[in-house]
Amino acid sequence: RCSPGDPWVTRYLSGGGIKRLPYEVYLRVDPRGSEGPRFDALSALRALQARVEGHESPGGGVPWTSHEVTTVPCEYQTEKGGRVTYQLCAALTYHERG
């Protein structure tokens, strides 16, 4: 999900500019769920962070200039039933052509 905020860092007269796209990723897991192997949500979020920073954005994406992690992968919430939600917050800065 995208975080609220002003998406433009700099806007050019040509219609393009430098944009900032803040985003959040949440993973909810049930550690007492299935009998299969335990899903490591923190490792999955760290792997996603590494892929983005390695310019392996999903779907090709757009060329970007910086990636800032604003909240490192961490436990966000534990529900009464035992499910745990993990979170990663970051922002991409990229050039948009007009």
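Tutor: Contact here means heavy atoms within 4.5 Å. Keep in mind that this is a predicted model.

Student: Good. What is Gln87 in contact with, leaving aside its neighbours within four places in sequence?

Tutor: Gln87 is in contact with Val25, Tyr26, Leu45, Thr71, Val72, Pro73, Cys74 and Tyr76.

Student: And which strand does Gln87 lie in?

Tutor: Gln87 belongs to strand β4.

Student: Is Gln87 buried or exposed?

Tutor: Buried, with a relative accessible area of 9%. The cut-off for buried is under 20%, so Gln87 qualifies.

Student: What joins the side chains of Gln87 and Tyr26?

Tutor: A polar contact of 3.1 Å.

Student: Cys74 was on that list. How many disulfides does the structure hold?

Tutor: The structure holds 0 disulfides.

Student: Why no bond for Cys74?

Tutor: The closest cysteine sulfur is in Cys89, 7.4 Å from that of Cys74, so the two are too far apart for a bond. A disulfide would need the sulfur atoms within 2.5 Å.

Student: Are Cys74 and Cys89 buried or exposed?

Tutor: Cys74 is partly exposed, at 24% relative accessible area. Cys89 counts as buried, at 9% relative accessibility.

Student: New topic, the sheet. What is the strand order?

Tutor: β1-β2-β4-β3, in an open sheet of 4 strands with antiparallel pairing.

Student: Which strands stand at the edges?

Tutor: β1 (8-11) and β3 (64-78). Each has a single partner strand, so one side of each is left without a neighbour in the sheet.

Student: How are neighbouring strands turned against each other?

Tutor: By 15° on average, direction ignored.

Student: How many bridges join β3 to β4?

Tutor: There are 10 bridges, and the two strands run antiparallel. As one example, Trp64 has Tyr94 in β4 as its bridge partner.

Student: What does helix α1 pack on?

Tutor: Helix α1 (residues 41-53) packs on the sheet and touches β2 (17-29), β3 and β4. The direction of α1 makes about 175° with that of β3.

Student: Back to β4. Where is Ala90, and is Ala90 buried or exposed?

Tutor: Ala90 sits in β4, residues 84-96. Ala90 is buried, with a relative accessible area of 2%.

Student: What does Ala90 touch, not counting residues up to four places away in sequence?

Tutor: Leu21, Pro22, Tyr23, His67, Glu68, Val69 and Thr70.

Student: How far apart are Ala90 and Glu68 in sequence and in space?

Tutor: They are 22 residues apart in sequence. In space, C-alpha to C-alpha, Ala90 and Glu68 are 5.5 Å apart.

Key: Residues numbered from 1 in each chain as written. Predicted model: local features only at pLDDT ≥ 70, side-chain atom pairs only at ≥ 80, totals over all residues. Heavy atoms only, no water. Buried < 20%, exposed > 50% of the residue type's maximum accessible area, 1.4 Å probe, protein only. Polar contact = N/O pair within 3.5 Å; in protein donor to acceptor, adjacent residues only side chain to side chain. Pairing = 2+ DSSP bridges. Axes fitted to C-alpha atoms, helices over the stretch in contact; angles between N-to-C directions.
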